[in-house]
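Hi there,

Here is the structure I promised to pass on. Please have it open while you read, and my notes follow just below.

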Number of protein chains: 2
Amino acid sequence: MRTASMTNPPMPGKPVHTAGGGVQACPITPVLDIVFSRWTTPILWTLNQFGRQRFVELHRNIGGITAKVLTQRLRQLERDGLVVRTYYPEVPPRVEYEISELGQSLAPLFAALTEWSEGHLPLVEQAREAFDSAQG
Amino acid sequence: MRTASMTNPPMPGKPVHTAGGGVQACPITPVLDIVFSRWTTPILWTLNQFGRQRFVELHRNIGGITAKVLTQRLRQLERDGLVVRTYYPEVPPRVEYEISELGQSLAPLFAALTEWSEGHLPLVEQAREAFDSAQG
DNA sequence: TAAAGTAGGTACCTAGAGGAAAGTGACTGT
DNA sequence: ACAGTCACTTTCCTCTAGGTACCTACTTTA
């Protein structure tokens with residue numbers, strides 16, 4: 001019975017890490033919804049890595065995402081100021097996406113995550129095998 | 001019509017950032033499923049911040065999460081080696097959770113995310129307002 | 001006798017994100 | 001005349017993560 005949230009209904013398909021009425025002292029949950037929700041990270045990473053791209057290029061480069069969801073996520077990222085969309089009213093229409101300055105400020109975070117991944121993902125895999133062989 | 005994945009069905013409720021058949025060159029997606037999926041971040045952050053806690057303490061400190069999901073996420077984090085669970089077979093049973101050494105290696109990442117959040121979340125909020133007032 | 005606390009387990013159900021596929025509009029090439 | 005391209009948009013449908021509710025076993029307290 002939560003009252004309808006007063007914050008931004010306009011954008012559809014917003015993922016929500018923070019559930020109903022949590023006090024959430026955790027300061028990094030808001031970032032998750034913006035940067036690390038489903039599909040946003042591959043999009044930002046691809047744009048940051050390969051630079052300005054058209055819609056279909058991006059679609060091919062990411063792989064597995066549907067056009068509908070890609071559009072949704074790009075709108076969301078544009079609204080959040082992380083991605084810049086440029087529309088050329090030519091005929092076949094052309095749209096190009098690039099990462100914004102604000103989006104580029106995420107680069108160190110991505111680098112840190114990649115580094116952690118390289119160093120510690122094998123340990124996670126080890127832990128899983130140990131856990132699974134210990135339990136039935 | 002994807003063939004049933006051969007990787008770990010044992011653990012229920014695994015969130016999946018990487019969809020069906022993506023090539024995913026993006027190197028940080030695996031980390032998202034482990035560390036930054038729903039509820040795992042608040043759990044890890046709370047354990048890292050306030051240290052070893054019992055189940056109900058954790059439940060109260062996080063807020064908004066149900067006992068069932070908290071149990072699921074804690075099992076998953078234990079399996080991944082990020083959290084250590086200690087069971088005391090006393091008569092009101094007692095269980096204590098603490099962050100593991102591997103989990104502590106995430107602390108710099110959390111700090112970096114918090115720092116980014118403090119510096120750039122206001123800009124995201126600005127961008128949203130600008131976008132919303134530009135569009136109808 | 002009954003409730004409360006502790007750490008969950010289990011069964012059922014719903015909301016909503018995300019997938020598949022078809023439509024759109026304006027023009028170009030054959 | 002008709003197909004094709006691009007960047008969506010729309011409709012329909014499925015799947016499942018997560019919520020609600022109820023259960024365990026044991027002891028202490030009212």
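Which of the 20 residues around DNA strand D come nearest? They are Phe55(A), Val56(A), Pro92(A), Val95(A) and Arg38(B). Before going further, please keep in mind that this is a predicted model.

**The surface near DNA strand D**

Both protein chains have a part here. In chain A, H3, helix H4 (67-79) and strand E3 (94-99) each supply at least two residues of the surface near DNA strand D, and so does helix H4 (67-79) of chain B. The largest share comes from H4(A), with three residues. By residue type, this surface divides into 12 nonpolar, three polar and five charged.

**The hairpin in chain A**

Val95(A), one of the residues that come nearest to DNA strand D, also has a place in a strand pairing. Tyr87(A) stands opposite Val95(A), which lies in E3(A). The partner of E3(A) is strand E2 (residues 83-88) of chain A, and the two pair in the antiparallel sense over six bridges. Five residues make up the hairpin that joins E2(A) to E3(A).

**Two helices that cross**

H3(A), which covers residues 55-62, also meets helix H2 (residues 40-50) of chain A: their axes come within 10 Å and cross at roughly 110°. The two helices are therefore roughly perpendicular to each other. The crossing of H2(A) past H3(A) is right-handed. On the H2(A) side the contact is made by Pro42(A), Ile43(A), Thr46(A) and Phe50(A), while H3(A) brings Leu58(A), Asn61(A) and Ile62(A). Sorted by type, the residues of this contact are five nonpolar, two polar and no charged.

**Where the two protein chains touch**

H2(A) turns up again at the contact between chains A and B. There, 46 residues of chain A are in contact with 46 residues of chain B. On the chain A side, the elements that give two or more residues are helix H1 (29-35), H2 and helix H6 (107-134). H6(A) gives the most to this side, with 15 residues. The chain A side of the contact divides into 26 nonpolar, 15 polar and five charged residues.

If you want somewhere to begin, you could find Val95(A) beside DNA strand D, cross to Tyr87(A) opposite, and then look along H6(A) on the side of chain A that touches chain B.

Happy browsing, and do write back with any questions!

Best wishes

Technical notes
Residues numbered from 1 in each chain as written. Chains lettered and ligands numbered in written order. Predicted model: local features only at pLDDT ≥ 70, side-chain atom pairs only at ≥ 80, totals over all residues. Axes fitted to C-alpha atoms, helices over the stretch in contact; angles between N-to-C directions. Helix = DSSP H or I, 4+ residues; strand = E, 2+ residues; numbered from the N terminus. Parallel < 35°, antiparallel > 145°, perpendicular 65-115°, else oblique. Left-handed = near helix turned anticlockwise from the far one by under 90°. Contact = placed C-beta atoms within 7 Å. Nonpolar A, V, L, I, M, F, W, Y, C, P; charged D, E, K, R; others polar. Near = placed C-beta within 6 Å. Pairing = 2+ DSSP bridges.
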